Structure formats: structure tokens, C-alpha cells
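Trainee: I should like a close look at one part of this model, namely its salt bridges. Please take them in turn and describe the setting of the partners.

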Amino acid sequence: MDGGAVSADKPEIDRVEGLTTEEFVKSYFKKKRPVLMVGAGKHWPAMGKWSLEWFADLEPRDQLYTEAGNVIQGEADFAVTNLRDYLRRLMDPADPIHDVGGKKRPYLSLINIFRVFPQLAEDVDVSILTDRTYLNVMYGWIGPAGTVTGYHTDWSDNILTQIVGRKRLMLVPPNRTRTMYVTDRYEFRSELSAIEPTDYDPARFPLYQQADPVTVVLEPGDMLYVPPRWWHRVESLDISISINNFGQDLIGLVRYEAPARVREALHRRGLYRRTCTCHMWIDGKRVAKTTKLVGAPYR
């Protein structure tokens, strides 16, 4: 990548309390502008119900898996887990899972939450997005402070809602993609960056200094709309429970979803981008995590 000029437009992310559906659609969804909807989920049943203790009493029909490490910019360790045992570790402040010096804290990420716990559908409401999209997938995220999902873009509209704890996000707009050093590492419906801002070489990635990311912190009850192609990095500041919904509108289905499905089929056969976040190597063989890890909800 050369050192050519980068857009000087300063990105802004509005913080709005009491945002109406009409204003969301007009000012943000149609214009593909991010917005932090302060307290938009604070009246959800989930806000007064979901906790580590409450989840520990549920019985998922599948085993889940944890990832430990930043799977976007590097390799992560994956393991099948029992939900109750994992949550008991999170509830024990002396457990090594909370080691602030460690970079590989086990993280329950991308839980296909309504498949694992169908009864939870009534506890949340992201109709502000799903009423406008045709294909929707919701995931849950549970983990300790310090977990990181590195810089990436999604090809779908995305709403992230914080239930317990806080998360900090760094966002960079699509017109600064040149500063993000896109890699060939494969992720379904996403593009990945080589940049980890806490540990990168400015001489190797000089343009990142012009990325000028915007930082927002989600408190419990806050919802953040992240439009397609916006770069974002997510870090848990506390023990955290959150959900997100990926949605595709009609344009997204044609422009992004159909090509993504073709690339996914090729990738699973080893014909497109062998380096990825969705496979691991076991005894010298490339194995899909969804095959090895029972119930792993990647797709």
C-alpha cells in the first residue's frame, strides 16, 4: 500500500437518547451512518433478568465453545465448554480467567443464542432493524473483561446491544479503508484488518496513523448501529453480556449475501483463502470448528 492521501473527513458518531424509529430510518439506516442509541434497550426484560447466575441455571441443548485470543489478527485457542462450568469460573474473582496480564482469556463468542435458548426471544427487541431487513441472525457474547474482537468490517447492518458490563469500540469509516491494511484471512461476510492498535509496527503500517478512529463506550442498555463496511474493534471493559443482530436488506442480499455464500462454499472445500477464522489444524488436518466443536454456532 502506498502513502497516498487519505480522506480528511472527520468521522462522527451521534449519541441520541429517545431516538424514534422514523428518525433512525431516515437519518441513519438509509444513510448508513452509525449511531449510539443511549438507553434504547434499558426497558427490555433481559435487562432485569440476564446475569451470569441466571444463565448458569439454564440448560443449553448443545455444548458451546470458547475462543481465547484475538482470532481476527492472530490465532486463537478453541475449546468445547460446559456453559455452567464456564460461568462459575466467571463468577469466581480468583479464577485465572480474569488474569489482567493474559491475552488469551476464554470468550463465549458468536453464540447462536435463540437456537441454543429459544425461550429468550421474548427478552429482547431489535425490531428497529429487523423490520427493515430480510435475513437476520442474532448472536450472544459472554466473557470476562479484556476480551477483544479485532478490527474487521461486516457486510451486514449490525446492531450491538449491551446487557451487562461495558464495551469499548473503535470505529473507522469505509472511506479510510486504505489505512486499515485489509488481509487475505477469511471470515464469512467480513473483511479483516492486519492492525491491532495496541501492538503494531508504524513503519510497516504507516497509514493507520491517519485512520483517526472514533471511540465509543456502550453502557448496559445502550445500542450501537454499525453500518456495513464500517471497521470496528470491540473490547470488553468488564465482565460482559451482549447481543448483536446482523441484518441484510434487499440490496445487501443481492450485493453481499449471494457472493458471500459462493465464497463460503469454495472456502469449505479449500478452494478460497485457506487461512481463516473458521478452521483449525488438528493432527495436520484442516478441520472446520463447526465439525470438531459440537454446536459451534458460526453459521
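Mentor: What follows is an account of the salt bridges, with the surroundings of some partners. The model is a predicted one, and it holds 15 salt bridges.

One of these pairs Lys32 with Asp157, with 2.9 Å between the closest N and O atoms. The pair links distant parts of the chain, 125 residues apart: Lys32 lies in the loop between H1 and S2, and Asp157 lies in strand S8. Lys32 is partly exposed, at a relative accessible area of 26%, whereas Asp157 is buried, at 1%. Strand S8 (157-164) is also among the elements that cover the buried residues of H1, as is strand S2 (35-38). Those buried residues of helix H1 (residues 21-29) are Phe24, Val25, Ser27, Tyr28 and Phe29.

A second salt bridge, between Arg268 and Glu264, has an N to O distance of 2.9 Å. Its partners are 4 residues apart in helix H7, so about one helical turn separates them. Here Arg268 is partly exposed, with a relative accessible area of 39%, while Glu264 is buried, with 6%.

Salt bridges that share partners also join Arg168, Glu196, Arg233 and Glu235 into one network. Within this group, Arg233 forms a salt bridge with Glu235, the closest N and O atoms lying 3.4 Å apart. Both Arg233 and Glu235 are buried.

Helix H7 (residues 250-268) also contains Leu250, which is exposed, with a relative accessible area of 52%. Together with Tyr134 and Val254, Leu250 forms a nonpolar surface patch of about 370 Å² of accessible area.

Key
Residues are numbered from 1 along each chain as its sequence is written. This is a predicted model: local features need pLDDT of at least 70, side-chain atom pairs count only at pLDDT 80 or more; totals for chains, interfaces and linings use all residues. Side-chain values use heavy atoms; hydrogens and water are left out. Buried means under 20% relative accessible area, exposed over 50%, partly exposed in between (1.4 Å probe, protein chains only). Helices (H or I, at least four residues) and strands (E, at least two) are DSSP runs, numbered from the N terminus. Contact means heavy atoms within 4.5 Å. Patches are made of residues with over 30% relative accessible area and no salt bridge: like charges are joined within 9 Å, nonpolar side chains (Val, Leu, Ile, Met, Phe, Trp, Tyr) within 5 Å. Accessible areas come from the Shrake-Rupley method with a 1.4 Å probe; for residues, only the protein chains shown count as cover. A salt bridge is a side-chain nitrogen of Lys or Arg within 4 Å of a carboxyl oxygen of Asp or Glu.
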